[in-house]
Amino acid sequence: RVLPDDENERDKSPNSSLIMPATRFSEQMEFLAKNYKVVSINELVEHLEGNSNRFVVAVTFDDGYKDNLNHALPILEKYNIPATIYITTRFPEGDTSMWWYEIWDYLTNVESLKVNYLGRYESWNTRSFEENTGCFEQLRDWILSFGYSQQLELMEAITSSSDRKQYLDLCLSWNEVYKLDQHPLITIGAHTHSHPNLRHLTKENARSEILLSKRLLEEKLSHSIEHFAYPFGTKNEADVREFELVNECNFKSAVTTRRETIQSYSLNSIPRLSILPSINRQCFKGMLSGWQFLARDLLHYLNP
């Protein structure tokens, strides 16, 4: 997400890590434009398949937030930066529930929480910000252990309601996805339909999630969708089986959120760097140079 600085400063929730202040995002894009060759995802695939040793950068966004259009795109235009936006298709289809936002909203309005689901019983005090944060992190880990249908059941157990809170004002509509798709700087990719942890689905259900998002995007945009992003994207949510499924679904590329080098790459598991709002320019530059990975590997070698 990209939001004006004042809106970002007002958000103190764990979800604020999803938001890049517009000023900092603009500084980052200016830095990329001045110092690197920034390419589209199609150009990145061609680069990886070719013989060039040139260092290139690709910019991506996940989920399909409305601010990608309203706040990120003008900055991308200013510096002529191409980007890929991976769409969770149930959002433009009208289901804009997002458990990561709803859980936090719920916790800030209760003083305690008791949850009993599938034989597991948990309870928390939620009177302070620190207590809310700790509870949120535990609930996040719990909900990520399930597929979409069980996530809905757990949300009902948490909130004592089967009505999921909708965040229509945060999500792109089909008209807005189409508008972005028509822009020469933007490539639209698929991000599943319901944004589940694919590893906790059966193989057939995981395939259906991937293909439904692809089919809906292709029907709405009238062209093939060739690039995919795994929801959450760590090794806990996407691994060999999911990589093979993406190949079977005829995508040209798929991206993870694994913080790895791209030297030993596969086009169905391209690593990415998640850029947090707390990252300053020097750290941003260091991440691109790869020194953080070198330091991490060295520490692992010294302290196995």
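This passage walks through two helix pairs, the surroundings of helix 11 and a few individual residues in a predicted model.

Helix packing comes first. Two packed helices are described by the angle between their axes and the distance between the axes. For helix 5 (residues 99–107) and helix 7 (residues 148–159), the angle is about 10 degrees and the axes are 11 Å apart. With an angle under 35 degrees, helix 5 therefore counts as roughly parallel to helix 7. On the helix 5 side, the contact is made by Trp99, Glu102, Ile103 and Tyr106, and on the helix 7 side by Gln151, Met155, Ile158 and Thr159. Sorted by character, the residues of this contact come out as five nonpolar, two polar and one charged.

One of the helix 7 residues in that contact, Thr159, deserves a further look. Thr159 is buried, since its relative accessibility is 11%, which falls under the 20% cut-off. A polar atom of the Thr159 side chain sits 2.9 Å from the backbone oxygen of Met155, so this polar contact falls within the 3.5 Å limit. Setting aside neighbours within four places in sequence, Thr159 touches Glu102, Tyr106 and Arg164. Of these partners, Glu102 and Tyr106 belong to helix 5.

The second pair looks rather different in its numbers. Helix 9 (203–221) packs against helix 10 (residues 240–248) at an angle of about 50 degrees, and here the axes are 10 Å apart. That angle makes helix 9 oblique to helix 10, and the crossing is right-handed. Lys203, Ala206, Arg207 and Ile210 from helix 9 meet Arg241, Leu245, Val246 and Glu248 from helix 10. The make-up of this contact is an even split, with four nonpolar and four charged residues and no polar ones.

Moving along the chain, Ser269 falls in the loop that links strand 11 (253–255) to helix 11 (281–289). Despite being in a loop, Ser269 counts as buried, because its relative accessibility is 17% and the cut-off is 20%. Its side chain makes a polar contact of 3.5 Å with the side chain of Asn268. Beyond residues up to four places away in sequence, Ser269 is in contact with Phe243, Ala254 and Thr256. Ala254 is a residue of strand 11 (253–255), while Phe243 comes from helix 10 (residues 240–248).

Helix 11 itself has something to report at both ends. Asn280 caps the N-terminal end, with a side-chain oxygen 3.2 Å from the backbone nitrogen of Gln282. Just after the helix comes Gly290, which has a positive phi near 95 degrees. In between, the buried residues of helix 11 are Phe284, Gly286, Met287 and Leu288.

Finally, a word on backbone angles. Most residues other than glycine have a negative phi. Asp63 goes the other way: its phi is positive, at about 90 degrees, although the residue is not a glycine. Asp63 lies in strand 5 (residues 59–63) and is buried, with a relative accessible area of 9%. Thr192 is also not a glycine, yet its phi is positive at about 70 degrees. This residue is found in the loop between strand 9 (186–190) and helix 9. Thr192 has a relative accessibility of 0%, so it counts as buried.

Terms used
Residues are numbered from 1 along each chain as its sequence is written. This is a predicted model: local features need pLDDT of at least 70, side-chain atom pairs count only at pLDDT 80 or more; totals for chains, interfaces and linings use all residues. Side-chain values use heavy atoms; hydrogens and water are left out. Helices (H or I, at least four residues) and strands (E, at least two) are DSSP runs, numbered from the N terminus. Buried means under 20% relative accessible area, exposed over 50%, partly exposed in between (1.4 Å probe, protein chains only). A polar contact is a pair of N or O atoms within 3.5 Å; within protein, one must be able to donate a hydrogen and the other to accept it, and residues adjacent in sequence count only if both atoms are side-chain atoms. Contact means heavy atoms within 4.5 Å. Axes are lines fitted to C-alpha atoms, for helices over the stretch in contact, and angles run from 0 to 180 degrees between N-to-C directions. Angles under 35 degrees count as roughly parallel, over 145 as roughly antiparallel, 65 to 115 as roughly perpendicular and the rest as oblique. A crossing is left-handed if the near helix is turned anticlockwise from the far one by less than a right angle, and right-handed if clockwise. Ala, Val, Leu, Ile, Met, Phe, Trp, Tyr, Cys and Pro count as nonpolar, Asp, Glu, Lys and Arg as charged, and the others, Gly among them, as polar.
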